[in-house]
Amino acid sequence: VAKTSGVVITMADQWRLSADFSLPTGTGDVTSNIERADSRGAGQIGSAMTFSSGVFTFPSTGFYLVTLNASFYTAASDGNNTAAIKFTSDNSSYETTAFIQQSSNADSSVSYGTGSTSIMLDITNTSTHKVKIEGGGGPSGGTPGVLRGSSVKNETTITFVRLGDT
């Protein structure tokens, strides 16, 4: 158990996109090529999140800080990319709860970008409170690019830290 400034962190877990995810023109859930960050000293604290078919399940109730770091690449001057954390409280209807958007520079045919978003969630039921990652070409049109992924280093990640009891 790690302790920082009187707060005991009982759970921390990081996952990453292990291969590039081609962003659809609209939006789409990232359902595959997600793995626990496991190289070059990566580690976790406590019980792990579980991942299946695009859905992350929490190991216990509590307050969680969930952070999505997205790395984008676009090979077009009119690129528009988004990534989001989607949450459900009924294990069925997912809604965007945190959002990132990146647009290309019109003067360049290639664009790289990064963004980060986070949300603190009150997980009171691990059977119904879950999250997904979504990516897309964004609401403003333009040419979608990719969310960048790698199996040997972190590019696009989602990190879960349990902050305390609910």
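Of the 166 residues in the chain, 45% are buried. That figure, like everything below, comes from a predicted model. The chain has 15 strands and 0 helices, so the tour that follows goes from strand to strand, with a few stops in loops. Taking contacts between residues at least 6 apart in sequence, 74% of them join residues at least 24 apart. As for the outside, the chain exposes about 7,700 Å², and carbon and sulfur atoms supply 46% of that area.

A handy place to start is strand β10, which covers residues 80-88 and includes Asn80. Asn80 has a relative accessibility of just 2%, so it counts as buried. Its side chain still has polar company: a polar contact of 3.0 Å joins it to the side chain of Gln101. A polar atom of the Asn80 side chain also lies 3.1 Å from the backbone oxygen of Gly137.

Strand β10 holds Lys86 too, and this residue forms a salt bridge with Glu134 of strand β13. Side chains of opposite charge can pair when their charged atoms come close. For Lys86 and Glu134, the N to O distance is 3.1 Å. The two partners sit 48 residues apart, so to speak on distant parts of the chain, and both Lys86 and Glu134 are buried. They don't act as a lone couple either: Asp29, Lys86, Lys132 and Glu134 are linked in a network of salt bridges.

Over the whole structure, the search turns up 9 salt bridges. Another one of them joins Glu35 and Arg16, with their closest N and O atoms 2.8 Å apart. Glu35 belongs to strand β6 and Arg16 to strand β3 (residues 11-17), so this pair ties together parts that are 19 residues apart in sequence. The two ends have unlike surroundings: Glu35 is partly exposed, with a relative accessible area of 21%, while Arg16 counts as buried at 2%. Lys153 and Glu155 also meet in a salt bridge, this time with 3.7 Å from N to O. Here Lys153 is partly exposed at 44% relative accessibility, and Glu155 is buried at 15%.

Back in strand β13 (residues 130-136), Lys130 is worth a look. With 13% relative accessibility, Lys130 falls in the buried group. Setting aside neighbours within four places in sequence, its contacts include Val55, Phe56, Thr57 and Phe58, along with Lys86, Phe87 and Thr88. Asn91 and Tyr94 are also among the residues that Lys130 touches. Phe56 makes a nice example of how the chain comes back on itself: it is 74 residues away from Lys130 along the chain, yet their C-alpha atoms are separated by 5.8 Å.

Aromatic rings add another set of links, with a count of 7 aromatic pairs. In one of these, Phe51 and Phe56 form a tilted pair, 4.8 Å centre to centre with 50 degrees between the planes. Phe56 is buried, at 0% relative accessibility. Tyr73 and Tyr112 make up another tilted pair, with 4.9 Å between centres and 50 degrees between planes. Since Tyr73 lies in strand β9 (residues 62-74) and Tyr112 in strand β12 (residues 111-123), that pair ties together parts that are 39 residues apart in sequence. Tyr73 is partly exposed, at 26% relative accessibility, and Tyr112 is exposed, at 54%. Ring pairs also gather Trp15, Phe51, Phe56, Phe58, Tyr64 and Phe160 into a cluster.

Nonpolar side chains show up on the outside as well. Leu65, Met120 and Leu163 form a nonpolar patch on the surface, together offering about 250 Å² of accessible area. One of the three, Leu163, is found in strand β15 (residues 157-164) and counts as partly exposed at 34% relative accessibility.

Finally, two asparagines in loops have a backbone quirk. Asn33 is not a glycine, but it has a positive phi of about 60 degrees. This residue sits in the loop between β5 (27-29) and β6 (34-36), and it is partly exposed at 41% relative accessibility. Asn91, already met as a contact of Lys130, likewise has a positive phi, near 60 degrees. Its spot is the loop between β10 and β11 (95-103), where it counts as partly exposed at 40%.

Notes: Residues are numbered from 1 along each chain as its sequence is written. This is a predicted model: local features need pLDDT of at least 70, side-chain atom pairs count only at pLDDT 80 or more; totals for chains, interfaces and linings use all residues. Side-chain values use heavy atoms; hydrogens and water are left out. Helices (H or I, at least four residues) and strands (E, at least two) are DSSP runs, numbered from the N terminus. Buried means under 20% relative accessible area, exposed over 50%, partly exposed in between (1.4 Å probe, protein chains only). A polar contact is a pair of N or O atoms within 3.5 Å; within protein, one must be able to donate a hydrogen and the other to accept it, and residues adjacent in sequence count only if both atoms are side-chain atoms. Contact means heavy atoms within 4.5 Å. Accessible areas come from the Shrake-Rupley method with a 1.4 Å probe; for residues, only the protein chains shown count as cover. Patches are made of residues with over 30% relative accessible area and no salt bridge: like charges are joined within 9 Å, nonpolar side chains (Val, Leu, Ile, Met, Phe, Trp, Tyr) within 5 Å. A salt bridge is a side-chain nitrogen of Lys or Arg within 4 Å of a carboxyl oxygen of Asp or Glu. Rings of Phe, Tyr and Trp (its six-membered ring) pair if their centres lie within 6.5 Å; planes under 30 degrees apart count as stacked, over 60 as edge-to-face and the rest as tilted.
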